[in-house]
Amino acid sequence: MFDFFKKLVKPNKFLGCDIGTTSIKMVELERSGSATKLHNYALLETLGHFERSNNVIQANALKLSERETVSLLKTLLRKGKFSADSVVVSIPSFASFTTLIELPDMNPEETKKTMLYQIQEHVPLPLSEITVDWTVVGQREDESGFTKQQILMVAIPNETVERYRGIFKACGLRLRALEVEMLASTRAVIGTDQTPTVVLDIGARSTNITVVDQGFVKHNTQIDYAGDSLTVAIAKGLGINSKRAEELKKQRGLLGGRGEYELSTLEIPFLDVILQEADSVRREYEQNFQNKIQRLMLLGGGANLLGIEKYAEEKLQTPVVLGNGLLYVGAPAELSVVAKELETRFATAIGLAIKGLL
Ligand SMILES: Nc1ncnc2c1ncn2[C@@H]1O[C@H](COP(=O)(O)OP(=O)(O)OP(=O)(O)O)[C@@H](O)[C@H]1O
Ligand SMILES: [Mg+2]
């Protein structure tokens, strides 16, 4: 998506950069022959957002603080000792317009013309102010027996594209493409797997819910409940500061032992909101597309919450698995200690770098 350098010869090393609301993740992948290997990775995390709510890297109002992001990226690049100079970067879902459009079966020329109208209908900005990409992601027979082609349309404001270009130029990197985050993460954890799956990416500030079916993204929504909601609930409930609450959450998760019962009772109402939303996306998809979702896949930092798989499985009565960002990528053995975090938290960054190498 949004490939700026389609015709250039691609380097064999690529960076993938995922700018989240409270952290930046960078990976470097290297291709040799048909194998892709993780070469290097780095994470830069801010905790300041708990104390000052405007101290986030990226706020929901599409405001990416440029100067600060450049300075954070420079630190990350210096400390991470990355050697590639080409990067693919993620756009958060909330900064894009993503819709599944169903059109009658028609030839590519007609489809193109019809899409122009559809785009104007679905995006509240003039065509001259957006960059649009769309892909046919499947087809189905509707209730009246007509074949419909399904088209995933993604649009981002040109202003956003320019902002990202400026940021990466200032860091001395070549921005080769931008891609909406769930397209990148699902490339890394699902690839061409055909299983109808709901992917739940639980970040710090937002949770992304994506339906992937036959290897294609069919639906995507976000909600504002995520990992931080649990931390804030613990902090308030126990009257402790956010840093301590964050530590407790990571140490105990939902598995508090004797005397820690309270921890999970504080977390669960917020986790339930997230799971209920995933459940309603699942139901709606199953109803509209007559295809049963077979599993829930957890991604993002929130997927590391101890006990979440078992809890979600019981709550939703669906098999729950952890996403594996290293599914199609080899990693050096010494990384096995941090493997779980790499697999769940770095999936988007890995998917972005894979795209660069394609
Ligand atoms: N071991 C753990 N147990 C529970 N929660 C964890 C653990 N590790 C990380 N988290 C939580 O994951 C969240 C961060 O996840 P992630 O890095 O995916 O977010 P982000 O990409 O920066 O944010 P967003 O996706 O909202 O922009 C934080 O809320 C953090 O507390
Ligand atoms: Mg994220």
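A polar contact here is a pair of N or O atoms within 3.5 Å. With that cut-off in hand, the model, which is a predicted one, can be explored starting from its ligand. A backbone N or O atom of alanine 204 lies 3.1 Å from an oxygen atom of ligand 1, so this pair falls within the 3.5 Å cut-off. Glycine 301 also brings in its backbone, with an N or O atom 2.9 Å from an oxygen atom of ligand 1. Arginine 345 uses its side chain instead: an N or O atom there is 2.8 Å from an oxygen atom of the ligand. Taken alone, ligand 1 would expose 650 Å², and the protein buries 91% of that.

As for where all this happens, ligand 1 sits in the largest pocket. Strand S2 (23–32), helix H5 (227–238) and helix H6 (242–252) are the elements that each give two or more residues to the shell around the ligand. Of these, H6 gives the most, with three residues. The shell counts 21 residues, and those that come nearest to ligand 1 are Thr21, Lys25, Glu246, Lys249 and Arg345. Sorted by class, the shell around ligand 1 holds 11 polar residues, seven charged ones and three nonpolar ones.

Helix H6 is also home to arginine 244. This arginine has a relative accessible area of 37%, and it counts as partly exposed because that value is in between the 20% and 50% cut-offs. Arginine 244 and glycine 203 are 41 residues apart along the chain, and their C-alpha atoms are separated by 19 Å.

Away from the ligand, a couple of strand residues are worth a look. Serine 90 is found in strand S6, which covers residues 86–91. With a relative accessible area of just 1%, serine 90 is buried, because anything under 20% is called buried. Its side chain makes a polar contact of 3.3 Å with the side chain of aspartate 18. Threonine 210 tells a similar story in strand S12 (residues 207–213). Threonine 210 is buried too, at 2% relative accessible area, and its side chain is joined to that of asparagine 220 by a polar contact of 3.0 Å.

The loops offer another set of residues to look at. Just past strand S12, in the loop between S12 and strand S13 (216–223), comes glutamine 214. Its phi is near 55°, a positive value in a residue other than glycine. Glutamine 214 is partly exposed, with 36% relative accessible area. Lysine 81 has a positive phi as well, of about 50°, although it is not a glycine. This lysine lies in the loop between helix H1 (66–80) and S6, where its relative accessible area of 69% makes it exposed, since the cut-off for that word is over 50%.

Glutamate 129 belongs to another loop, between helix H2 (108–122) and strand S8 (130–141). At 41% relative accessibility, glutamate 129 is partly exposed. Measuring-stick in hand, so to speak, glutamate 129 and leucine 327 are 37 Å apart in space from C-alpha to C-alpha, with their positions 198 residues apart in sequence.

Key. Residues are numbered from 1 along each chain as its sequence is written. Chains are lettered from A and ligands numbered from 1 in the order in which they are written. This is a predicted model: local features need pLDDT of at least 70, side-chain atom pairs count only at pLDDT 80 or more; totals for chains, interfaces and linings use all residues. Side-chain values use heavy atoms; hydrogens and water are left out. A residue is near a molecule or strand if one of its heavy atoms lies within 4 Å of it. A polar contact is a pair of N or O atoms within 3.5 Å; within protein, one must be able to donate a hydrogen and the other to accept it, and residues adjacent in sequence count only if both atoms are side-chain atoms. Accessible areas come from the Shrake-Rupley method with a 1.4 Å probe; for residues, only the protein chains shown count as cover. On a 1 Å grid over the protein atoms alone, a cavity is a set of points where a 1.4 Å probe fits but cannot get out, and a pocket is an open set with protein on both sides within 12 Å along at least five of seven lines; lining residues have an atom within 4 Å of a point. A molecule sits in a cavity or pocket if more than half of its atoms lie within 2 Å of its grid points. Helices (H or I, at least four residues) and strands (E, at least two) are DSSP runs, numbered from the N terminus. Ala, Val, Leu, Ile, Met, Phe, Trp, Tyr, Cys and Pro count as nonpolar, Asp, Glu, Lys and Arg as charged, and the others, Gly among them, as polar. Buried means under 20% relative accessible area, exposed over 50%, partly exposed in between (1.4 Å probe, protein chains only).
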